[in-house]
Protein chains: 4
Amino acid sequence: MSASAKEPRWERRKQDRPQELLAAALQLFVERGYAATRLEDVAAQAGVSKGTLYLYFDSKESLFKSVVRAHMLPLLDEAEARVDSHDGHTADLLRELILGWWQGASRSGLKGIAKLMLAESGNFPELARFYHEEITSRGDATLVRVLERGMARGEFRPLDAHALKKVIAAPIMMLMLWDQSLAPCAIAPIDSAAYLASLIDLCVHGLKA
Amino acid sequence: MSASAKEPRWERRKQDRPQELLAAALQLFVERGYAATRLEDVAAQAGVSKGTLYLYFDSKESLFKSVVRAHMLPLLDEAEARVDSHDGHTADLLRELILGWWQGASRSGLKGIAKLMLAESGNFPELARFYHEEITSRGDATLVRVLERGMARGEFRPLDAHALKKVIAAPIMMLMLWDQSLAPCAIAPIDSAAYLASLIDLCVHGLKA
Amino acid sequence: MSASAKEPRWERRKQDRPQELLAAALQLFVERGYAATRLEDVAAQAGVSKGTLYLYFDSKESLFKSVVRAHMLPLLDEAEARVDSHDGHTADLLRELILGWWQGASRSGLKGIAKLMLAESGNFPELARFYHEEITSRGDATLVRVLERGMARGEFRPLDAHALKKVIAAPIMMLMLWDQSLAPCAIAPIDSAAYLASLIDLCVHGLKA
Amino acid sequence: MSASAKEPRWERRKQDRPQELLAAALQLFVERGYAATRLEDVAAQAGVSKGTLYLYFDSKESLFKSVVRAHMLPLLDEAEARVDSHDGHTADLLRELILGWWQGASRSGLKGIAKLMLAESGNFPELARFYHEEITSRGDATLVRVLERGMARGEFRPLDAHALKKVIAAPIMMLMLWDQSLAPCAIAPIDSAAYLASLIDLCVHGLKA
DNA sequence: TATGAATGAGGTTTCATTCAT
DNA sequence: TATGAATGAAACCTCATTCAT
């Protein structure tokens, strides 16, 4: 059939397998949800067989948790560093933060994770708690710091920073979710640049002293 | 068997059966997701047996679609009527609209539906499209009308109403989603009144001419 | 295909199903051992489908335990009653006891259970303990009572009754085991009547004062 | 890598590998039964990897048969020699034979094999037949010779030697089986010395002319 | 010779669906 | 109309076996 019949039935790729499996699993979990994702499809997507998956993960649940954890840890540091080093107007800082989050989320797979956690939090409450503590609350805290900085410098009017942080974070979250759930169905594509510009514009005008 | 068994104490309200089943299904679908919800549990929750479900719905998928549709239709009219009849300042109209949506969603089960659609849109693209067309786009259109009314009356500054409508809708959607996914896990309860107040405050200041 | 095409796909037999399943399971577990017995075969042997088994038993392990327990409980009473009511020579009592045990074991399925417990005690230690306490030790105690009765009445010479009880019980046990493991292979059929007669003869001569 | 790597500290004794594997397999097969024993565990127990096993045995079944055969062959010769050379009272010969068998079985692993064959005879009938012919029937024949010798010399009363041989062998077999199945669970430990003394005592008294 | 990553058939278990009652 | 026992496809998971290294 094949020209030289030299392709081995499989390769030995111990180092890379976990990553490949995690990437495949992330994609399918996000697309279909936890329960509707079959491990055989994850394996196929990663180019291995069903059994191979079990060399690296104990069970479907363990794979799921690994997917979430693997994509959750390497985040947020960037945003915090940005706040620390900024010395211009706080409205500019806020703009940078919002745009930076969106770019970071797009790069890292966090958009998919966010959708996944929202959908599966009922079935994995401990993961939901972990997600909230590691991701959401750190992001929230960063936003609160920015708002308080703006008020302290007289650039923002007096605000309820703790209520407002979630109001401002919400559109970013929703953009991630839309991107993950509607975009794949080709429903109502969103112009994310215009969307973010509007968000920033609303904030800048709505917060200024 | 009994002598004069007129008027049984408990009627076999077959009229109500579908509604009871839909309510039970909504609750479980929202809690656990589509795939993880067992029809036997839906039936038990509604107080009937597994077989009975099939007298009213053809399949699990059909039940799911009915759940979504049943909770989607009786909405939005109220919001549209409110916009038509309002004659005060558009900022007040916007405030009423936001608060009205949240209350309506709370009353009607739309919060749960929103979470459900987000989670399952990948598995039910045609439902996702239906949901988008029937709900989201109508809500969006209403919001656009309000924004344009404000601009026309000189109460709002010039805006990209189409980009902004989604930015303003997002925090309301996210509040619904948080309420459905995190609240059941007792994670980070949100003070929805303060949250909505902040949203309205941000809009009023951010939009005014 | 069939003449009148009237045979329903299945019958509703809730009362009898568990018994039928237990009987089928006993046979196959004894023949093949626990691990080598497939639940599909158990179901087929009982004339039902795989899924039906799970209406009555939670798991393979639970089925196994039920099999053992169901066949263990209704035993031993007979033997104990016999000892209480006997008033002749103790050698005659011993003869009756030995023959009665063999007949009882043949009737009740205990022969198979004995083989099963021996084979699977390593995998189900708690069951092995249960079996030992409910069956073996009660049988042993009965045998000790008989031996002590014989010594007390001067019919048997002085003996170490506790060591001897197991020596006398052993040939009966082995007869059960041979019957279950070799007979199905048509290896070396044993004449159980002659075997038991020899055992009784050996005891009668070996015990008498 | 090392300069003068003569004489490695640990030799790669490929001569001993099969024996080590057989010993590991015997232990695990006896403990868990054939089907519940994983080849990976056998390999680990023998200190090699899974693949290595297949350099020495074709399959699990082949390993199992080798285990049984390897432990079956080097037996029985001793007992037969003892009978040939004995010239004292036959009761003393019988005592020696019984004690010798127990010691031999303890030494050789035959106890475990006996349990294994009993448990797996249904799944390996040809092995059961082999076992019966090589082991059981040779042992039986030896016992018959002893009984007939005793009768011929007027030391034993007239007996059905063929029925009796199995009655006398049974307690020895059962002692092996208890030792293998109940002792590992720490259930009802048996004092084998007292047990064997009782057996011998019963025989001596029960057989004498 | 030795390893252990990879495979895939086959087992246990679940659950949407059917249908005799 | 209502029930729930029965079904069987399909999922998760195991492990005997193969083979590139």
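These points concern a predicted model and cover its protein–protein interface and the protein surfaces around its DNA strands.

1. Chain B and chain A. Each chain gives 44 residues to this contact. About 3800 Å² is buried between chain B and chain A, and carbon and sulfur atoms carry 73% of that area. On the side of chain B, the residues that lose the most area to chain A are Leu118(B), Val167(B) and Leu202(B), which together make up 16% of what that side buries.

2. Polar features of that interface. Chain B and chain A are joined by two salt bridges. One of them pairs Asp201(B) with Arg157(A), with 2.8 Å between the closest N and O atoms. Eight residue pairs are in polar contact between chain B and chain A, counting pairs with both residues at pLDDT 80 or more. Two or more residues on the side of chain B that touches chain A come from each of helix 1 (17-32), helix 7 (110-120), helix 8 (125-152), helix 9 (161-181) and helix 10 (192-207) of chain B. Helix 9 of chain B gives the largest share, 11 residues. Sorted by class, this side of chain B has 28 nonpolar, eight polar and eight charged residues.

3. Symmetry of the pair. A turn of 180 degrees, with a shift of 0.0 Å along the axis, lays chain B on chain A with an RMSD of 0.3 Å. The two copies are thus related as by a two-fold rotation axis. Gly206(B) is the residue of chain B that comes closest to this axis, its C-alpha lying at 1.8 Å. Of the interface residues of chain B, 100% are also interface residues in chain A, so the copies meet through the same surface.

4. Chain pairs without contact. Chain A does not touch chain D, and the nearest C-alpha atoms of these two chains are 14 Å apart. Chain A and chain C are also not in contact; for this pair the closest C-alpha atoms lie 19 Å apart.

5. Surroundings of DNA strand F. There are 40 residues around DNA strand F, the closest being Arg38(A), Thr52(B), Tyr56(B), Thr52(C) and Tyr56(C). Sugar or phosphate accounts for 68% of the strand F atoms within 4 Å of the protein, and bases for the rest. Helix 3 (50-56) supplies at least two residues of this surface in each of chain A, chain B, chain C and chain D. The surface near DNA strand F is made up of 13 nonpolar, 10 polar and 17 charged residues.

6. Individual contacts to DNA strand F. Tyr54(A) places a polar side-chain atom 2.8 Å from a phosphate oxygen of the strand. Ser49(B) has a polar backbone atom 3.2 Å from a phosphate oxygen of DNA strand F. Lys50(C) has a polar side-chain atom 3.2 Å from a base nitrogen of DNA strand F.

7. Surroundings of DNA strand E. This strand is surrounded by 40 residues, and the closest are Thr52(A), Tyr56(A), Arg38(C), Tyr54(C) and Thr52(D). Of the strand E atoms that come within 4 Å of the protein, 66% belong to sugar and phosphate. By class, 13 nonpolar, 10 polar and 17 charged residues form the surface near DNA strand E.

8. Individual contacts to DNA strand E. A phosphate oxygen of this strand lies 2.6 Å from a side-chain N or O atom of Tyr56(D). Polar side-chain atoms of Arg17(A) lie 2.9 Å, and of Arg38(B) 3.2 Å, from a phosphate oxygen of DNA strand E. Helix 3 of chain A, chain B, chain C and chain D each gives two or more residues to the surface near DNA strand E.

Technical notes:
Residues are numbered from 1 along each chain as its sequence is written. Chains are lettered from A and ligands numbered from 1 in the order in which they are written. This is a predicted model: local features need pLDDT of at least 70, side-chain atom pairs count only at pLDDT 80 or more; totals for chains, interfaces and linings use all residues. Side-chain values use heavy atoms; hydrogens and water are left out. A residue is near a molecule or strand if one of its heavy atoms lies within 4 Å of it. A polar contact is a pair of N or O atoms within 3.5 Å; within protein, one must be able to donate a hydrogen and the other to accept it, and residues adjacent in sequence count only if both atoms are side-chain atoms. Helices (H or I, at least four residues) and strands (E, at least two) are DSSP runs, numbered from the N terminus. Ala, Val, Leu, Ile, Met, Phe, Trp, Tyr, Cys and Pro count as nonpolar, Asp, Glu, Lys and Arg as charged, and the others, Gly among them, as polar. Contact means heavy atoms within 4.5 Å. Buried area is the accessible area (1.4 Å probe) that two parts lose on being put together, summed over both. A salt bridge is a side-chain nitrogen of Lys or Arg within 4 Å of a carboxyl oxygen of Asp or Glu. Copies are superposed by least squares on the C-alpha atoms of residues with pLDDT of at least 70 in both.
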